[in-house]
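Reader: Hey, can you walk me through this one? I'd like to go piece by piece.

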Amino acid sequence: MPASAPAGVRARGWGWRHAGRKAFAVSGLDLEIAPGERVLLLGASGAGKSTLLHALAGVLGAAEEGEERGELTVDGVPAPTARGRAGLVLQDPDSQIAMARVGDEVAFGCENLAVPRGEIWPRVHRALDDVGLDIPLDRSTAALSGGQKQRLALAGILAMEPGLVLLDEPTANLDPEGVQEVREAVRRSLDRTGATLVVVEHRVSVWAELVDRVVVLDSGGGLLADGPPEQVLVDGDVRRRLAGAGVWVPGWHPLTGEAASQPLRTGRPQREGELLAAEALAVGRSPKAGPVVGGIDLVLREGHSASVTGPNGAGKSTLALTLAGLLPAVGGRLEALPPLARGAGKNPARWRSSELVSRIGTVFQEPEHQFLTPRVLDELEFGPRRVARRPEKEVRLLVDGLLQRLRLDRLAEANPFTLSGGEKRRLSVATMLATTPRLLVLDEPTFGQDALTWAELVRLLAELLEQGTSLVSVTHDEDFTAALSDSIYRVEGGRAARVGAAA
Amino acid sequence: MSVDVLTPELANSTLARANPVAKLAAALCITLTLLLSVDWVSASVALACELCLVPLLGVRPLTLVRRTWPLAAAAVVAAYSTALLGAKTGPVWLQLGPAVFTQGSVLTGIAIGLRGLAIALPGVFLLFSTDPTDLADGLAQKLRLPARFVLGALAGMRLVGLLVDEWRTLGLARRARGVGTGHNPVARFKAFMGQSFALLVQAIRRATRLAVAMEARGFGVMIDGRPAPRTWARESSFSRLDFWVAAGGVAIAALAVGAAVVLRTWNVVWG
């Protein structure tokens, strides 16, 4: 049988418990995937989707890394010994590229499988062709966009000619163009090779029309649903259970369910107080490096929500960080007006950090970048107690309120780094709210979040707006913009233009 | 944009075309020889030869100076401190209060400074003319170093570029939390340590994920306790140029030692 024939998968009572955990990540799984099938694997976070995918790729580890039950085979042999039969693409574009140059990266897997040199380069060219990457082989892998990096990772496994392609949320960190690029690359390459596909993704709509089967893992073990997408995704009961598990079900809005969505913010009080004004503002990573975006004019008012959109790398985050007082303006004028500045000077970039935290809060894309302490409670108390030096009574009141409101009270003693993705996001927002800033800047707050966390976050931000807090959100998320934005700025080609307001 | 340490823009020079293993051998030969003796003759002969070879690097001398001036500065500092603090032998040349410079201490100082430069330059040559991927290929294919180790290190270097970025982001993210822009040096130091630890955590996470991704592509697999066979997409080969590069290294080392022995300045460090 040639190496490239599609592979079949078979699980019999399979389960896996990670070493050091009490519960099994997956248990009692019976599943048969025929060669050439395209499967979308769904389930609540923690249902064991990634564990199953890693097991199929043969990288779950040896006996000391966990306990295995039952059997899991790829083409009839145990997954770890089916070397080269499965190829795995992971979520983070930056931590799965091993080599410095595009061609070498695609060749890497072939080399490891001891493919003769003469065969490697034709495979490299075909794989790059399959994923539609038309770039020189000696291009630096560091110079690629997120979508290109993910397509490169896909090319890297296609060159190994696997019979089973495994994708673990490959588009969760990408902008809409990147998502489309990657999906089309997957479609094209599968059409040519006929390989079996298993993809994990909680944004169902991305893959629904490409797959011919949807398998839903039950958190309690076994399967919740299994069948063609047009059957599984229309079944009312399954839809409800999927939505309840945080899966993005097509046609189901996280805020309103089956009903059509409505803007969250109607009849809000019009406030006129101006917080921050930019005139011909130019922003850049450093004054030396020069401006990335220039000629920005905007005014942020109390209780006003602005979204900043545009392609990756256009300078959206740089603009947000400048408005947040974290980067100095490289040209033009940025002025904090009295309701925001409250005696702290006109230029936010010159504020001391203790002045900054009680005026402007910034929520970074990666929550872990902002964690400072080994305990959720300390994390929340850090700002009000140690930086803003609020009285102890006020600190207690603030922190207790936030713990309750963001459902972190059960986790108060936990280590922030051990939380789930959604919990980390809630905590990173909560730490910023603890010092009650008037302006909150958020960088891709909904990236990679499941529908439950999404809905929670949007409701919370809507409440803050009602109370007069101002928001600036860098986001690709159209649902988010539709739910919350009063104005939308598009950053592209070195300019920022106001492109309108949401309904 | 991450800092790109792995695909430097190399001038298309003679040295850039040589096999990295040959360059490494030549550089090691010169460096190890110069480590044997502290004397100004061997150091200046080697340095003079090295400077004559700069055109082979294809880098304009001014660019070279701009990018390596810290080395020159370090050499000057080393020379000065030796002249100031070294053994005071021979006639006194200059006395400024408690600072005494004698003929012996000044000459030793100059020797130390020249030697530092002469030892550092071969490394600079290697760095300026070598793509890390080619070096890894050479080390694994020609010197038979384990592929696991060589390619692991190469992939690790890629993360270094990412970490430079991550350090910058961490700094901003932590300022947003109210950390580390005060004037108190103790607080600043604590903030620096905290940020370093946060970077370490991120580095370990990324490295773990990268290791899984590489393993999933068949990297580092052992069969019966031995590394699985592996092929190389890029062939690392030696040409006549590499012979001349290695011979050049040996010649410079020999010339430096010979001149020092003839002029009776050869002075073995532990002699």
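Reader: How many residues does α3(A) have, and how far does it reach?
Author: α3(A) has 14 residues and reaches 20 Å from its first C-alpha to its last, close to the 20 Å expected at 1.5 Å a residue. The expected span is 1.5 Å times one less than the number of residues in the helix. Helices (H or I, at least four residues) and strands (E, at least two) are DSSP runs, numbered from the N terminus.

Reader: What am I looking at here, and how are things numbered?
Author: This is a predicted model, in which local features need pLDDT of at least 70 and side-chain atom pairs count only at pLDDT 80 or more, while totals for chains, interfaces and linings use all residues. Residues are numbered from 1 along each chain as its sequence is written, and chains are lettered from A and ligands numbered from 1 in the order in which they are written.

Reader: OK, back to the helix. Which residues are buried in α3(A)?
Author: I120(A), R123(A), V124(A), A127(A), L128(A) and D130(A) are buried there. They sit on the same side of α3(A), because they cover an arc of only 145° around the axis. The arc is that of the directions from the helix axis to the C-beta atoms. As for the cut-offs, a residue is buried if 20 or more other C-beta atoms lie within 10 Å of its own, exposed if 12 or fewer, and partly exposed in between, with C-beta atoms placed from the backbone.

Reader: Why do residues three or four places apart point the same way?
Author: An α-helix has 3.6 residues a turn, so residues at that spacing point the same way.

Reader: What do the buried residues of α3(A) pack against? And which exposed residues are on the face turned away?
Author: The buried ones pack against α2, α4 and α5 (176-193) of chain A. The face turned away from the buried side carries the exposed residues G118(A) and P122(A).

Reader: What about either end of the helix?
Author: After α3(A) comes G132(A), with a positive phi near 70°. In the loop between α2 and α3 of chain A you'll find A114(A). Phi of A114(A) is near 60°, a positive value in a residue other than glycine. A114(A) counts as partly exposed because it has 13 C-beta neighbours inside 10 Å.

Reader: Where is T436(A), and what is its phi?
Author: T436(A) lies in the loop between α14 (421-433) and β16 (439-443) of chain A. Its phi is positive, about 45°, although T436(A) is not a glycine. With 18 C-beta neighbours inside 10 Å, T436(A) counts as partly exposed.

Reader: Switching to the interface. How many residues of each chain are in contact?
Author: 51 residues of chain A are in contact with 41 residues of chain B. Two residues are in contact if their C-beta atoms, placed from the backbone, lie within 7 Å.

Reader: Which helices of chain A supply that side?
Author: α2 (102-112), α3 (117-130), α4 (146-158), α11 (353-357) and α12 (376-387) each supply at least two residues of it. The largest share, seven residues, comes from α2(A). By class, the side of chain A that touches chain B has 29 nonpolar, 14 polar and eight charged residues. Ala, Val, Leu, Ile, Met, Phe, Trp, Tyr, Cys and Pro count as nonpolar, Asp, Glu, Lys and Arg as charged, and the others, Gly among them, as polar.

Reader: How is chain A divided into domains?
Author: Chain A has domain 1 (9-93 + 164-244) and domain 2 (274-500), with bounds from an automatic or database domain assignment. Their C-alpha centres lie 35 Å apart. The contact takes nine residues from domain 1 of chain A and nine residues from domain 2 of chain A.

Reader: And what radius of gyration does each chain have?
Author: Chain A has 24 Å, which agrees with the value near 23 Å for a compact globule of 503 residues. Chain B also comes out at 24 Å, but a compact globule of 271 residues would be near 18 Å. The radius is taken over C-alpha atoms, and the globule rule is 2.2 Å times the number of residues to the power 0.38.

Reader: How much of each chain is buried?
Author: Buried residues make up 52% of chain A, and in chain B 35% count as buried.
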